[in-house]
Amino acid sequence: MKDVLPGIRQNNFVVVGRVGMDLFPAPGEAVENADTFSADMGGSSANIAAGIVKLGGAAALVTRVSDDAVGRFCVNKLRHYGVDTTYVTPVGGEARNSLALYESRVEGHQSVIYRNGAADFEMRVDDVEAVDYTKFGALVTAGTVFAAEPSRAASFRAFERARAAGLPVIFDVDYRPYSWPSAEVAEQVLSKAGEMSDVIIGNDDEFGFMAGDKSKGLDKARALAASTAAIVVYKMGEHGAITFANGQEFRTGIYPVTALKPTGAGDSFMAGMLAALAAGDDLKTAVLNGSACAAIVVAKPGCAPAMPFPQDVEHFLAEHPGPTSVD
């Protein structure tokens with residue numbers, strides 16, 4: 001089983017997957033009643049990349065964007081957050097960047113996602129072949145890249161190229177049913193991606209989905225850690241997480257906060273965990289750091305703009321009474 005830490009500690013990541021535009025009204029306001037919206041960057045992979053950079057690392061995004069004003073907005077936002085756009089390729093025709101409208105409220109929260117003819121699904125094998133993987137320490141992606149062709153084939157090729165270059169593959173399952181042609185295809189493809197990954201992060205629903213039954217999800221996570229993956233994090237929402245590595249497993253709690261929205265937590269968790277591992281922290285500390293970053297993001301509007309800087313995490317940990325007990 002691959003030792004993933006040397007690659008992660010380079011703190012320089014190639015991130016594969018989408019960037020999109022987010023629109024969100026003022027905190028507490030419903031979309032249908034809003035007259036004004038804030039616009040910023042969204043998309044799981046782009047959010048992870050921005051989170052990594054804000055926490056002191058380096059990240060380059062590999063994706064396609066629409067050759068229009070919205071695509072250029074997304075590229076400008078990536079640059080604003082310090083993400084390398086060398087491998088972001090415009091695509092013409094009818095392809096469009098994804099758009100998410102969501103609310104900064106928990107009760108009655110609404111999220112509307114536009115993914116018809118998504119530009120990121122136009123990513124091709126040539127796009128990932130153009131990457132010099134030897135310049136990076138690890139590859140990171142989220143499951144939506146596998147939901148449609150030609151992005152699916154390109155993403156599997158990126159996995160192959162990264163593995164050949166000795167990079168650990170870090171995979172957030174991130175199952176979004178609306179992006180997939182069927183649950184059966186998603187189960188098959190995501191399971192294949194999981195078996196090719198060295199670090200896997202998912203929630204109980206996602207591992208259950210990969211196992212064919214939610215009640216079997218924990219066993220699926222444990223089996224992946226025992227066979228192909230070096231680290232597996234099984235997230236359970238308010239009940240914390242179970243992490244498997246080196247034949248061991250441990251539980252961690254969450255940092256309770258008054259949430260403003262449910263979105264962005266998983267992306268921030270990934271960035272926070274990787275940043276802590278890159279800094280030399282042990283795995284349990286890294287998972288807790290990811291949990292703290294997730295708590296910070298759900299308590300603020302937006303996703304990429306809510307991703308914390310190191311001083312934000314330090315202040316949060318100093319002020320917070322600590323994670324929930326898992327005894």
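**Exercise 1. Describe the surroundings of Arg176.**

Solution. Arg176 lies in the loop between strand S9 (169-172) and helix H6; helices (H or I, at least four residues) and strands (E, at least two) are DSSP runs, numbered from the N terminus. The model is predicted: local features need pLDDT of at least 70, side-chain atom pairs count only at pLDDT 80 or more, and totals for chains, interfaces and linings use all residues. Residues are numbered from 1 along each chain as its sequence is written, and side-chain values use heavy atoms, with hydrogens and water left out.

Step 1: accessibility. Arg176 has a relative accessible area of 24% and is therefore partly exposed; buried means under 20%, exposed over 50%, and partly exposed in between (1.4 Å probe, protein chains only).

Step 2: contacts. Not counting residues up to four places away in sequence, Arg176 touches Arg18, Ser44 and Thr144, where contact means heavy atoms within 4.5 Å. With Ser44, the side chains form a polar contact of 3.1 Å. A polar contact is a pair of N or O atoms within 3.5 Å; within protein, one must be able to donate a hydrogen and the other to accept it, and residues adjacent in sequence count only if both atoms are side-chain atoms.

Step 3: distance. Between Arg176 and Glu206 there are 9.5 Å from C-alpha to C-alpha, and the two are 30 residues apart in sequence.

**Exercise 2. Determine how H6 packs on H7.**

Solution. Step 1: geometry. H6 (residues 183-195) and H7 (residues 204-211) pack at about 100 degrees, with axes 8 Å apart. Axes are lines fitted to C-alpha atoms, for helices over the stretch in contact, and angles run from 0 to 180 degrees between N-to-C directions. H6 is therefore roughly perpendicular to H7; that class covers 65 to 115 degrees, whereas angles under 35 count as roughly parallel, over 145 as roughly antiparallel and the rest as oblique.

Step 2: residues. From H6, Ala183, Ala186, Glu187, Leu190, Ser191 and Gly194 meet Phe209, Met210 and Ala211 of H7. This contact comprises six nonpolar, two polar and one charged residue (nonpolar: Ala, Val, Leu, Ile, Met, Phe, Trp, Tyr, Cys and Pro; charged: Asp, Glu, Lys and Arg; polar: the others, Gly among them).

**Exercise 3. Characterise Glu103.**

Solution. Step 1: position. Glu103 is in the loop between strand S6 (99-102) and strand S7 (111-114). With a relative accessible area of 0%, Glu103 is buried.

Step 2: partners. The side chains of Glu103 and Gln110 are joined by a polar contact of 2.8 Å. Beyond neighbours within four places in sequence, the contacts of Glu103 include Pro25, Glu29, His109 and Lys261.

**Exercise 4. Which residues have the most contacts inside the largest nonpolar core?**

Solution. Step 1: the core. Phe13, Ile170 and Met273 have the most contacts inside this core of 54 residues. A nonpolar core is a set of buried Ala, Val, Leu, Ile, Met, Phe, Trp, Tyr and Cys residues joined through side-chain atoms within 4.5 Å.

Step 2: the second core. A separate core of 46 residues includes Phe121, Val131, Ala162 and Met236.

**Exercise 5. Locate the backbone features at Asn11, Asn246 and Pro150.**

Solution. Step 1: positive phi. Asn11, in the loop between helix H1 (5-8) and strand S1 (12-16), has a phi of about 60 degrees although it is not a glycine. Asn246, between strands S12 (241-245) and S13 (248-252), has a phi near 55 degrees.

Step 2: cis peptide. The bond from Glu149 to Pro150 is cis, with omega near 5 degrees.
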